[in-house]
Amino acid sequence: MAMRRRDRARRIGTAGLAAAAAALALAFFTLASVPSAPQVPRPEGLPQCAHAEVDGLALTPPMGWYPWNMFGEEPQNETLIREIAAALVSSGMKDAGYAYVGPDEGICFARGKDGRLAPNRTRYPSGLRGLGDHIHGLGLKYALYTDAGTHTCSGAMPGTKSFEYEDMRSFADWRADYIKIDWCNSQGQDIVQAYSELAKAQRAAGRPVVHSLCSWGDGYPWVWAGAIGHMWRTTSDICAPGQADWARAIRIAFANEKLAEFAGPGRWNDPDMMIVGMPGMSESRNRTLFSLWCLMASPLIAGNDVRAMDKATVDILTNLEAIAVDQDPLGVQGRVVWNDGNVSLWAGKPLFDGGMAVLVLYQGKHRAEKKIYWEELGFKAADKLYVRDLWKREMSGPHAGSFTVSVGPDDVAFLRLSRTPEFPIPPIVVADTYRVALRATATRPETLTGTVTVTNKGSSDLPPWRVAPKSLPPWLKIEVTGGGKTWSFVNTVSTAGLRKGAYHALVRADNVEPVSGRPMTALYYDVDLEVPRAVKR
Ligand code: GLA
C-alpha cells in the first residue's frame with residue numbers, strides 16, 4: 001500500500017486539479033480492494049461503490065461544530081445553537097470551511113402517538129425546521145442527531161429502530177444536511193443491516209445527507225460503511241462533556257491512524273469531534289490535536305464553545321494552510337511511519353500539487369530534534385524540496401536529502417514539502433446562503449429572483465458548476481454566472497399558472513472536473529416559493 005501511495009504521489013506531481021481528480025478515481029478503486037478487512041457482512045441492496053459517488057457529498061472531510069464535547073445534553077436548546085451559528089460566522093470559522101452545525105443529543109424531539117417525531121417546542125420554539133431555515137440562511141448546513149437503536153444514549157430521545165422511514169422523512173422535512181446516527185440501545189440488532197436500512201430510508205426520503213455513523217468502531221465500520229454513509233467513528237468518545245482528556249485524545253489518534261488505508265474521498269475515519277479550545281487544553285495541545293486531525297484527513301468537527309474563544313484558538317481552528325492538508329482533494333489519510341515512543345513521524349499524505357504533508361509529534365518532557373529524511377517519505381535522497389512550516393508560516397529551501405525540526409512537549413512540527421516554492425490551497429467552498437425564500441404577491445404572473453453566491457476561499461480555481469436542468473421543477477430556472485473565486489446561482493421563478501401552496505426544490509449543482517468528468521464538489525441548496533393565492537396564466 002505504501003508503495004502504491006508513493007507512486008500516486010509522483011504521478012500527480014506535475015499536474016493540477018485535473019490529475020488530482022483522475023487520482024480520486026484511483027483512490028476509490030484501491031480503497032475498495034483493501035485486503036486486510038475482517039470478515040463481516042456487506043450491505044445488501046445498496047451500491048457497492050462509495051455512497052458519496054452517488055450524492056457527491058463529503059468528497060473532502062466534513063467540517064462543522066457539534067455541541068456534545070463541551071455541553072453534553074445541557075444546555076442544548078435553540079438559543080445555544082443560534083448563538084454558536086452566529087459565532088461560526090463572526091469568528092471567521094465559516095469562511096475557513098466549517099459548515100455543519102446543529103444539536104447533538106439534547107432532547108430536541110419526541111415520538112408522538114402517531115409514531116412521528118415532534119420537535120420539543122419548549123427548547124426549540126421555532127421548531128426543528130425553523131432552526132434549519134435559520135442556519136441555512138446564514139450560509140451554514142444543518143446537522144441533526146439520532147440513534148439506530150430504540151433510544152439515544154441517555155434514553156431521553158427515541159431512536160430510529162422500527163421507525164427508520166418515518167424518522168428519515170422527518171429529518172428531510174426539517175431540512176437536515178447531516179445526520180449523526182449513534183449505536184446505543186441496539187441490543188440484538190445487526191449493525192450492518194441496521195445502518196443499511198437507515199441509508200435506504202434516507203434515499204427514500206429524497207434529501208441527500210452526510211451520514212455520520214457513530215458505533216465507536218463496533219462492527220468494523222471502516223470495512224463496509226463507505227457504501228452506506230460518509231464517515232464513521234473509529235473509537236469511543238474523546239472526552240466526557242466539558243473537560244478535555246489529553247491522554248485519551250492521543251490514544252485515539254494512534255488508534256485511528258492504523259485505519260488509514262480505509263479512508264478516501266467520501267469515506268472518512270472519524271476519530272471524534274475535536275477538543276481544540278476546551279478546558280484542559282493548552283495552546284500547544286490545541287495546535288497538536290488540530291494538526292493530527294488534519295494529517296489524518298479527519299472530519300473537522302469543532303466541539304468547543306466558539307462563542308468565547310481566545311485569539312490563539314481562533315487562529316488554530318482557522319489556519320487555512322493546515323485546513324488545506326485536511327481538505328486536500330486526493331483524500332489520503334496520513335499515518336505513523338516512524339515512532340520511538342517519544343517522537344513519532346507521521347506522513348504518507350500526498351497532496352494534490354505533488355507535495356507531501358508531514359508531522360512530527362513529541363510526547364516527551366523536554367525538547368526533541370528529529371531529522372526527517374526524504375527517502376522515508378517516498379522522495380529520493382537527491383530531491384531538493386522546499387519546506388513550508390504550517391504554524392510558523394515560513395518557507396525554506398530547497399533542502400537536499402533531509403530537514404531537521406525541533407519540537408517541544410505535547411507539540412508538533414506540521415510541514416508541507418514540495419518540489420516548487422508554491423503551496424496552493426485547494427478549493428474551499430463557502431456560500432452566503434443555502435436557502436432562497438420567495439413569495440408571490442399578486443394573482444397576475446410574476447417573475448421573482450433570488451441568488452446564492454458561492455466563494456472559493458482556496459487559492460486553486462474551481463472548474464465550472466453545472467446544474468442538471470432535469471432536476472428542476474418547471475417553475476424554476478437557474479443561471480450560473482461568474483468564475484474564478486466567485487460564482488452566482490441566479491434562481492428565477494415564474495409564478496404563471498401556479499396554484500395556491502408551498503413549492504420547494506432542492507437544487508444540486510456539481511462542480512465537475514473537466515477531464516475525468518468526476519464531481520469534485522456537489523452543492524445543494526433549497527428554493528422555497530410561497531404562493532398565497534392561485535396565479536393566472
Ligand atoms: C455517544 C456519542 C457521543 C454523543 C453521545 C450523546 O456517546 O459517541 O458523541 O453523541 O452519545 O449521548
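In helix α8, the residues I191, V192, A194, Y195, S196, L198, A199, A201, Q202 and A205 are buried, where buried means under 20% relative accessible area, exposed over 50% and partly exposed in between, with a 1.4 Å probe and protein chains only. Helices are DSSP runs of H or I with at least four residues and strands are runs of E with at least two, numbered from the N terminus. The model is a predicted one, in which local features need pLDDT of at least 70 and side-chain atom pairs count only at pLDDT 80 or more, while totals for chains, interfaces and linings use all residues. Residues are numbered from 1 along each chain as its sequence is written, and side-chain values use heavy atoms, with hydrogens and water left out.

The buried residues of α8 pack against α7 (164-173), β6 (178-182), β7 (210-214) and α9 (221-224), contact being taken as heavy atoms within 4.5 Å. Helix α8 covers residues 191-205, and its 15 residues reach 21 Å from the first C-alpha to the last, close to the 21 Å expected at 1.5 Å a residue; the expected span is 1.5 Å times one less than the number of residues. At the start of α8, a side-chain oxygen of D190 comes to within 3.1 Å of the backbone nitrogen of V192, and just after the helix G206 takes a positive phi of about 85°.

Helix α11 can be followed in a similar way. Of its 13 residues 11 are buried, so α11 is largely enclosed by the rest of the structure. Those buried residues are S284, N286, R287, T288, L289, F290, S291, L292, W293, C294 and L295. The 13 residues should span 18 Å at 1.5 Å a residue, and the end C-alpha atoms of α11 are indeed 18 Å apart. After α11 comes A297, whose phi is positive, near 50°.

From α11 the reader can turn to D411, which lies in strand β18 and is buried, with a relative accessible area of 13%. The side chains of D411 and R287 are joined by a polar contact of 2.8 Å, a term for a pair of N or O atoms within 3.5 Å, of which, within protein, one must be able to donate a hydrogen and the other to accept it, residues adjacent in sequence counting only if both atoms are side-chain atoms. Beyond its neighbours within four places in sequence, D411 is in contact with S284, R287, T288, V360, L361 and Y362. D410 is placed in the loop between β17 and β18; its phi is near 50°, a positive value in a residue other than glycine, and at 18% relative accessibility D410 counts as buried.

Empty space comes next. Rolling a probe the size of a water molecule over the atoms shows where empty space is left. On a 1 Å grid over the protein atoms alone, a cavity is a set of points where a 1.4 Å probe fits but cannot get out, and a pocket is an open set with protein on both sides within 12 Å along at least five of seven lines, lining residues having an atom within 4 Å of a point. Grid points are joined across faces, edges and corners, and a volume is the space filled by probe spheres set on the points.

The largest pocket has a volume of about 460 Å³, and among the 26 residues that line it, D389, W391, K392, V412 and A413 are the closest to its centre. Two or more lining residues come from each of α11 (283-295), α12 (311-317), β15 (384-389), β16 (394-400), β17 (402-407) and β18 (411-418). The lining of this pocket divides into 12 nonpolar, 5 polar and 9 charged residues, where Ala, Val, Leu, Ile, Met, Phe, Trp, Tyr, Cys and Pro count as nonpolar, Asp, Glu, Lys and Arg as charged, and the others, Gly among them, as polar. In strand β16 is P398, which is joined to G397 by a cis peptide bond with omega about 10°.

A search of the whole structure finds 7 cavities of 30 Å³ or more. The largest cavity holds about 590 Å³ of space, and of the 28 residues that line it, T60, Q327, V429, T521 and A522 are the closest to its centre. Strand β26 (residues 519-531) gives the most to this lining, with 5 residues, and by class the lining of the largest cavity has 21 nonpolar, 5 polar and 2 charged residues.
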